[in-house]
Amino acid sequence: MHMNEPFFDDGCEHVVRHTAPGRRTVDPVETIMRLEDKTCVVTGGSRGIGRAIAETLGEEGANVVVNYRSSEAEAYEVAEGIDDGPGSAIPVQADVSQLDEVRSMYEAVDDVYGGADVLVNNAGLTRDGKFENMTREDWEQVMEVNLGGVFNCTKTFFDDLCEADEGRLVNISSVVGQQGNYGQANYATTKSGLFGFTRTIALEMAGSGSTANCVAPGFVKTDMLETVPDRVKEKILDRIPLSRFATTDDVAGIVRFVAGPDSSYMTGQILAVNGGMEW
Ligand code: NAP
């Protein structure tokens with residue numbers, strides 16, 4: 001171990017100081033909670049990437065709103081886990097594609113935490129199929145959640161994000177929005193759409209000192225990836241320089257940075273978390 005190298009054991013950060021050859025003292029210093037007193041809304045926080053994001057922000061001391069549509073038991077479990085740590089959490093049911101439900105979620109957030117500082121637009125779904133077989137319903141369902149939900153949530157929390165001390169909007173896009181993907185014309189369109197949306201909102205928010213950025217994961221081990229046939233997954237793996245699918249924590253770690261104080265001067269950007277895939 002090098003001079004003054006930090007290490008971690010019981011949740012407290014310690015600094016090891018070598019005072020003389022062969023001797024050292026360990027001074028506990030306060031663990032830094034980078035999101036203490038910040039309220040972070042994570043849409044689709046009940047499962048997959050959203051769950052990891054909610055838990056990671058909770059570890060930073062945030063008040064986390066764990067939004068879900070149908071996975072009630074999972075959302076309560078995530079919130080209870082966060083409450084057991086340095087953060088606090090409430091589960092809130094709302095289908096993000098329904099503006100009235102998002103407004104009700106806003107009321108719940110406002111009642112408990114007095115508004116939001118960070119919005120992570122993570123909720124999303126797929127309805128895959130070759131374009132020749134894709135129905136208008138497949139198209140609209142994906143538009144309504146992946147883009148309509150982003151509109152509804154951003155619209156509803158926009159004033160809070162602008163009024164916050166360095167508010168943060170984080171939109172979860174996808175490498176599929178950058179590269180396209182066979183059988184995902186509807187999904188790819190929504191994920192590309194987030195790039196234009198994010199850059200525009202970043203400009204419109206900039207005067208308030210708040211930021212808007214996109215995180216574009218590659219292929220992540222969640223229920224969503226489970227819908228992809230094994231033979232297709234093998235082909236995808238061949239295209240990933242790091243030779244593995246992402247874990248949900250790989251993505252959550254980047255969101256922690258984007259949502260936190262270290263990203264103050266970064267806005268309108270797309271952060272690719274894809275194991276080195278080109279786009
Ligand atoms: P997932 O495991 O299928 O989980 C989806 C989450 O979104 C669930 O918590 C679900 O909540 C929620 N959700 C879906 N529709 C909703 C709605 N109308 N209102 C509120 N919540 C809704 O998906 P994931 O893989 O974690 O994906 C999360 C995000 O990352 C999506 O935007 C996805 O496009 C993006 N992404 C995923 C990958 C990947 O490989 N997995 C790669 C790149 C980007 P309920 O269960 O409560 O309904």
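**Figure 1. What surrounds the ligand in this predicted model.** Let's start with the make-up of the shell around the ligand: its residues split into 12 nonpolar, 14 polar and 4 charged. In total, 30 residues surround the ligand. Which of them come closest? Look for Gly 44, Gly 48, Gly 124, Thr 222 and Met 224. Four elements each give two or more residues to this shell: helix H1 (48–59), strand E5, helix H4 and helix H7 (223–226).

**Figure 2. Helix H3, residues 99–113, from end to end.** Count along H3 and you get 15 residues. At 1.5 Å a residue, they should span 21 Å, and the end C-alpha atoms are indeed 21 Å apart, so the two values agree. Carry on just past H3 and you meet Gly 114, which has a positive phi of about 70°.

**Figure 3. The two sides of H3.** Which residues of H3 are buried? They are Val 102, Met 105, Tyr 106, Val 109 and Tyr 113. Around the helix axis they cover an arc of only 105°, which means they sit on the same side of H3. Now check the other side of H3: there, Asp 100, Glu 107 and Asp 111 are exposed. So what covers the buried residues? The cover includes strand E4 (39–42), strand E5 (63–68), strand E6 (88–93) and helix H4 (136–163).

**Figure 4. Helix H2, residues 72–83, and its buried face.** H2 has 12 residues and reaches 16 Å from its first C-alpha to its last, close to the 16 Å you'd expect at 1.5 Å a residue. Its buried residues are Ala 75, Val 78, Ala 79 and Ile 82. Looking down the axis of H2, you'd find these within an arc of 95°, so they line one face of the helix. What do they pack against? Their partners are H1, E5 and E6. Turned away from that buried side is a face carrying the exposed residues Ala 73 and Glu 80.

**Figure 5. How confident the prediction is, and the stretch at residues 1–20.** The protein has an average pLDDT of 92, and 89% of the residues score at least 70. Over residues 1–20, though, the pLDDT is below 50. This stretch still has 31 contacts in the model beyond near neighbours in sequence. A word of caution here: where pLDDT is low, don't read the predicted coordinates in detail.

How values were computed. Residues numbered from 1 in each chain as written. Predicted model: local features only at pLDDT ≥ 70, side-chain atom pairs only at ≥ 80, totals over all residues. Expected span 1.5 Å × (residues − 1). Buried ≥ 20, exposed ≤ 12 C-beta atoms within 10 Å, placed from the backbone. Arc of directions from axis to C-beta. Contact = placed C-beta atoms within 7 Å. Near = placed C-beta within 6 Å. Nonpolar A, V, L, I, M, F, W, Y, C, P; charged D, E, K, R; others polar. pLDDT = per-residue confidence, 0-100.
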